[in-house]
Amino acid sequence: MAHDKRMEVRAIENGTVIDHIPSESLFKIIDILRLDKEKNRITIGNNLESNRMGTKAIIKINERYCLPDEINRIALVAPMARVNIIKDYEVTEKLKVEVPRTVEGFVKCVNPQCITNHEPVPTAFQVLNGEEISLKCRYCEKITFQGQLEIIK
């Protein structure tokens, strides 16, 4: 007896779907979007099969549309992610995440001696594009690599 191996994830009527997230970046995106505080229904899938990526993650947020700056923050940890806006069960917009040139106030500097880790000074970074996205601190000039990104809550 043959079994259908496809998995169904419930469609959302209105909201945002973030797809093609590297599995290792899922929880950073949850932090970036502060989904732990979200009151609407959220569907999260992780380590799903992907022909293009090997494994991937997906987030569906019912009745919420991500702001442009949130979408660009996602690009720091998942530059290949796709953001779809859903209205009446249909994709009405496909948004491309774009890596911002600067990042302020939501990523921690990895330098324990940086002023932002000791004084009430918001963090600020210049984004360096390369094989891996990295951030150069405006204050201490220490480089924070993509794998080291820690989201400030």
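At 47% relative accessibility, Arg138 counts as partly exposed. This residue belongs to a predicted model, in which Arg138 and Glu104 meet through their side chains in a salt bridge, with 3.1 Å from N to O. The structure holds five salt bridges, while a search of the whole structure finds zero disulfides. The points below cover the salt bridges, the cysteines, a charged surface patch and some backbone features.

**Salt bridges**

- The bridge between Glu104 and Arg138 links distant parts of the chain, with Glu104 in strand β6 (residues 102-104) and Arg138 in the loop between β8 and β9, 34 residues apart.
- Glu104, like its partner, counts as partly exposed: the relative accessibility is 47% for Glu104 and 47% for Arg138.
- Asp19 forms a salt bridge with Lys56, and the closest N and O atoms of this pair are 3.0 Å apart.
- Asp19 lies in strand β1 (residues 15-21) and Lys56 in strand β3 (residues 54-62), so this bridge ties together parts that are 37 residues apart in sequence.
- Both Asp19 and Lys56 are buried.
- Asp36 and Lys37 also meet in a salt bridge through their side chains, at 3.7 Å from N to O.
- In this pair, Asp36 is partly exposed, with a relative accessible area of 47%, whereas Lys37 is exposed, with 59%.
- Glu38, Arg64 and Glu70 are joined into one network by salt bridges that share partners.

**Cysteines**

- What keeps Cys109 from a bond with the closest cysteine sulfur, in Cys140? The two sulfurs are 3.6 Å apart, which is too far for a bond, because a disulfide needs the sulfur atoms within 2.5 Å.
- Cys109 is buried, with a relative accessible area of 2%.
- Cys137 is in no disulfide either, and the nearest cysteine sulfur, that of Cys114, is 3.7 Å away.
- Cys137 counts as buried, at 2% relative accessibility.

**Negative surface patch**

- Glu13, Glu63, Asp88 and Glu90 form a negative surface patch.
- One of these residues, Glu90, is found in strand β5 (residues 90-96).
- Glu90 is exposed, with a relative accessible area of 52%.

**Positive phi angles**

- Asn47 is not a glycine, yet it has a positive phi of about 60°.
- Asn47 is found in strand β2 (residues 42-50) and counts as exposed, at 52% relative accessibility.
- Glu141 is not a glycine either, and its phi is positive at about 65°.
- Glu141 is found in the loop between β8 (134-137) and β9.
- Glu141 counts as exposed, at 52% relative accessibility.

**Strand β9 and a contact across the sequence**

- Ile143 lies in strand β9, which covers residues 143-145.
- Is Ile143 buried or partly exposed? Ile143 is partly exposed, with a relative accessible area of 26%.
- Ile143 and Val110 are 33 residues apart in sequence, and their C-alpha atoms are 7.8 Å apart in space.

Key: Residues numbered from 1 in each chain as written. Predicted model: local features only at pLDDT ≥ 70, side-chain atom pairs only at ≥ 80, totals over all residues. Heavy atoms only, no water. Patch = residues over 30% accessible without salt bridge, like charges linked within 9 Å, V, L, I, M, F, W, Y side chains within 5 Å. Areas by Shrake-Rupley, 256 points an atom, 1.4 Å probe, with all protein chains shown as cover. Salt bridge = Lys/Arg side-chain N within 4 Å of Asp/Glu carboxyl O. Lys, Arg positive; Asp, Glu negative; His and termini not counted. Charge placed at Lys NZ, Arg CZ, Asp CG, Glu CD. Helix = DSSP H or I, 4+ residues; strand = E, 2+ residues; numbered from the N terminus. Buried < 20%, exposed > 50% of the residue type's maximum accessible area, 1.4 Å probe, protein only.
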